[in-house]
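Reader: I am new to this structure and would like to go through the terms used to describe it. Could you set each one against its definition as we go?

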Amino acid sequence: MVLLLMSNIQCLYCNEELDKNIGVNFGLVPMTPNALEKGVLLKGGSFFEYELIITVCAHCGLIQQYYPPDPNILYFRFKNESVGAKWKRHYQQFTDFIMESYWNDSLVLEVGAGDLNLANMLIEKGIGGITTIDKNIISTNLYPKINHIDGFLEEIEFKKKFDVVYSSHVFEHVSNIKNHLSKITAILNNGGHFIFSLPDFQKWIENFHINAFSQEHTIYPLPENIEKMLTDFGFNIKRIFEFESHSLFIDAEYESNIVPTNLGLTYEKNLKMVKEFKRRFDSLIRFLVNNVKQSKIFMFGANSSTQIILKNWLGQEQKNITILDNAKIKENKYLYGFNYLVKNPIVLKDRTDVEETIILIFTGAYVQEIKEQVLGINDKLYIITTEDFAKSKPS
């Protein structure tokens, strides 16, 4: 099912009207990047799809989706299961980063708590108690010292203020960033800290990580955009840490009387980055059409990047494809938008049909980690990654 979309779309930050024609269009894609049971989340027997258009605001320079998807479909089912060594290191280093701005008896709030791993790790490091807020959590991880509120931050009326508000990979999902920042300033004590982690989008886009642009990320703020947004709302950035070309950790102190930063226009630079990414993406699709001839295809990731590639690569064509994913909650379900089953990578272990089989790994910042995992399971199978594509010098 393709949803009808309205015109006169405004920037998700500055509210200036966006120009659809200056962006790049990845075509119709499934609206939720998830794996679900067959027959779930349909209307009239069809999947929910929409146009994934990435554009840049000519006024403030923010990269963003032109048509953000319906959040009720986008977040239909919990899927925030972070797996892998890189995510483990992210959690460990981000908790250390948060603890540097924590003092005894600070009131702490986590926004978008997800699997509650961060909250529990912080409590283990000595935080006496944490309030968490989210619509979807893993309730089995709700241990003592965590006070959970079910809902979205902007909807809740808090009876107290906090000294630390933190979030991990939430900022880029917010569709009304001004409301989000206004709410955080309303619940922070003066001198309190807003600490958040988000993708290092500049590195993701420049390094051609396929998952840079996805249904879930409504905005793609680069460092200049982040500084402008925060100072507009009275925050002074105290610390920035770059984690493995994967994430930025930001620690901003709320001072209320800070003078907003007057930054130069980032529009031209950001638009050039977006268009170059799309040029490389189109080359990747041509590369797949011309080079993937095997009869049995395994593609890693029951996620947005796989969905977007498949929609652009296959069209109406059907191939023998199995999706691989490490997330237990996705196993033996179907990649939304397709009739492709999701399996644990261990299914590769006993495969001997090496001439007919190919493994595709286009998982952005996780390519090397996943390639090593696959080779550890079966080192005889042929693998193609984005690095192999880059070396091929496609047209």
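Author: Let us begin with one unit: β18, helix α9 (residues 367-377) and β19 make a right-handed β-α-β unit. This is a predicted model, in which local features need pLDDT of at least 70 and side-chain atom pairs count only at pLDDT 80 or more, while totals for chains, interfaces and linings use all residues. Residues are numbered from 1 along each chain as its sequence is written, and side-chain values use heavy atoms, with hydrogens and water left out.

Reader: What makes the β-α-β unit of β18, α9 and β19 right-handed?

Author: A crossover is right-handed if, with the strands pointing away from the viewer, the path from the first strand over the helix to the second runs clockwise. The unit made by β18, α9 and β19 is right-handed. The helices (H or I, at least four residues) and strands (E, at least two) are DSSP runs, numbered from the N terminus.

Reader: How do you know that β18 and β19 are joined?

Author: Two strands pair if DSSP finds at least two bridges between them, and four bridges join strand β18 (residues 357-361) to strand β19 (residues 382-385), which run parallel, so the definition is met. Within this pair, leucine 360 stands opposite isoleucine 384 in β19.

Reader: Which sheet holds β18 and β19, and why does β19 have one side without a neighbour?

Author: Five strands form an open sheet with parallel pairing, in the order β17-β15-β14-β18-β19. Because β17 (342-343) and β19 stand at the edges with a single partner strand each, one side of each is left without a neighbour in the sheet. Further along the order, strand β14 (residues 296-300) and strand β15 (residues 321-324) run parallel and are joined by four bridges, with methionine 299 opposite isoleucine 323 in β15. Helix α8 packs on this sheet, touching β14, β15 and β18, and its direction makes about 145 degrees with that of β14; such axes are lines fitted to C-alpha atoms, for helices over the stretch in contact, and angles run from 0 to 180 degrees between N-to-C directions.

Reader: What makes the sheet of β1, β5 and β6 open?

Author: The three strands follow the order β1-β5-β6 with antiparallel pairing, and β1 (24-30) and β6 (63-65) stand at the edges, each with a single partner strand, so one side of each has no neighbour in the sheet. The twist averages 20 degrees from one strand to the next. Five bridges join β1 to strand β5 (residues 49-56), and the bridge partner of valine 24 in β5 is isoleucine 54. Helix α7 (residues 267-291) packs on the sheet, touching β1, β5 and β6, at about 60 degrees to the direction of β1, while helix α8 (residues 304-314) touches β1 and β5 at about 100 degrees to that of β1.

Reader: Why is histidine 180 called buried?

Author: Its relative accessible area is 2%, and buried means under 20%, exposed over 50% and partly exposed in between (1.4 Å probe, protein chains only), so histidine 180 counts as buried. Histidine 180 is found in helix α4 (residues 177-187). Leaving aside neighbours within four places in sequence, histidine 180 is in contact (heavy atoms within 4.5 Å) with Val111, Leu153, Glu154, Phe171 and Val174.

Reader: Why is serine 175 called partly exposed?

Author: Serine 175 has a relative accessible area of 43%, which lies between the two cut-offs and is therefore partly exposed. Serine 175 lies in the loop between β10 and α4 and, apart from neighbours within four places in sequence, is in contact with Leu12 and Thr218.

Reader: How do you know that isoleucine 123 is buried?

Author: At 15% relative accessibility, isoleucine 123 is under the cut-off, so the word buried applies. Isoleucine 123 is in helix α3 and touches Ile130, Pro144, Lys145 and Ile146, not counting residues up to four places away in sequence. The buried residues of α3 (residues 117-124) are Leu118, Ala119, Asn120, Leu122 and Ile123.

Reader: What makes the protein chain as compact as a globular protein of its length?

Author: The protein chain has 10 helices and 19 strands. Its radius of gyration is 21 Å, close to the 21 Å that the globule rule gives for 395 residues, so the chain is as compact as a globular protein of that length; the radius is taken over C-alpha atoms, and the rule is 2.2 Å times the number of residues to the power 0.38. Buried residues make up 54% of the 395 residues.
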